Amino acid sequence: MLKRTLALTAGLALSLSAVLAQAAEVLKVSAIPDEAPTELLRKFEPLGKYLQQQLGMDVQFVPVADYPAVVEALATDRLDLAWLGGFTFVQARLKTGNAIPLVQREQDAQFTSKFITADPNVKSLADLKGKTFAFGSVSSTSGSLMPRYFMLKDGIKPESYFSRVGYSGAHDATVAWVQAGKVDAGVLNASVWQKLVDAGKVDTNKVKVFATTPAYFDYNWTVRGTLDPALAAKIKKAFLDLDPANPEHKKILDLQAASRFIETSPDNYKGIEEAARAADLLK
């Protein structure tokens, strides 16, 4: 009986080891849901295949319901790598104490947000007093935090300045709200705005940009702090090796709206943290 018990215990241990080994061979990746789920997956698929080739392991995209879910998943080691906005990174860094930003796109060092409207009488924020306004997600750096921060610096408190403030949940949704007349104006990430314009998904005869924020740091690819450092280094190298002169690489970069990826560090996001504290979004 004892031998059978020991054999069973050993068998269970081996099975558990096999399961853990298999889990370790899968890189679980996600992204803040700042666009429609189908669009996030479309953008990720070629990148996922590339990472799989470069890392020699399976790469799985794990969709999440909202911005806080990405932070929680990184903090509980249910995700290995995530595409985060600057504010979401700050939240992840504060929650985990060790989340590591690996790379950002070149433009993420000089990112901006665009204020848009379909009202021809709106030429500036001054023309929007008493009108309706839309941010993206409350946790969005470019769709909420930084535009709010710059408005506050100009003496504009959105909740008292506008007649109504709404949160569309995503950048493309903000454009849809403005174009449909659901709100008088809104703000979104400059990259998504340009992508929608280029794809003909916004009527530029109707919807126009009337203001642009000052520049700030934004998106990055972040790994959980408990990830094997050697694997984190391989992931970073894979991103840095993406070459726009290589046609296959360029397809990946284009989908990521990137000219190329560059290294980044936690220090780049101190301004985002200051803005979040100034807006009482961090305690």
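Let me begin with a definition: a patch is made of residues with over 30% relative accessible area and no salt bridge, where like charges are joined within 9 Å and nonpolar side chains (Val, Leu, Ile, Met, Phe, Trp, Tyr) within 5 Å. A salt bridge, in turn, is a side-chain nitrogen of Lys or Arg within 4 Å of a carboxyl oxygen of Asp or Glu.

What you see is a predicted model, in which local features need pLDDT of at least 70 and side-chain atom pairs count only at pLDDT 80 or more, while totals for chains, interfaces and linings use all residues. Residues are numbered from 1 along each chain as its sequence is written, and side-chain values use heavy atoms, with hydrogens and water left out.

On the surface, Val138, Tyr167 and Leu281 make a nonpolar patch of about 220 Å², with areas from the Shrake-Rupley method, a 1.4 Å probe, and only the protein chains shown counting as cover for residues. Val138 counts as partly exposed because its relative accessibility is 42%, given that buried means under 20%, exposed over 50%, and partly exposed in between.

Turning to charges, the whole structure holds 16 salt bridges. In one of them, Asp80 pairs with Arg224, the closest N and O atoms being 2.8 Å apart, and both residues are buried. In another, Arg42 meets Glu39 with the closest N and O atoms 2.9 Å apart; here Arg42 is partly exposed at 45% relative accessibility, whereas Glu39, at 13%, is buried.

Note on methods
Buried means under 20% relative accessible area, exposed over 50%, partly exposed in between (1.4 Å probe, protein chains only).
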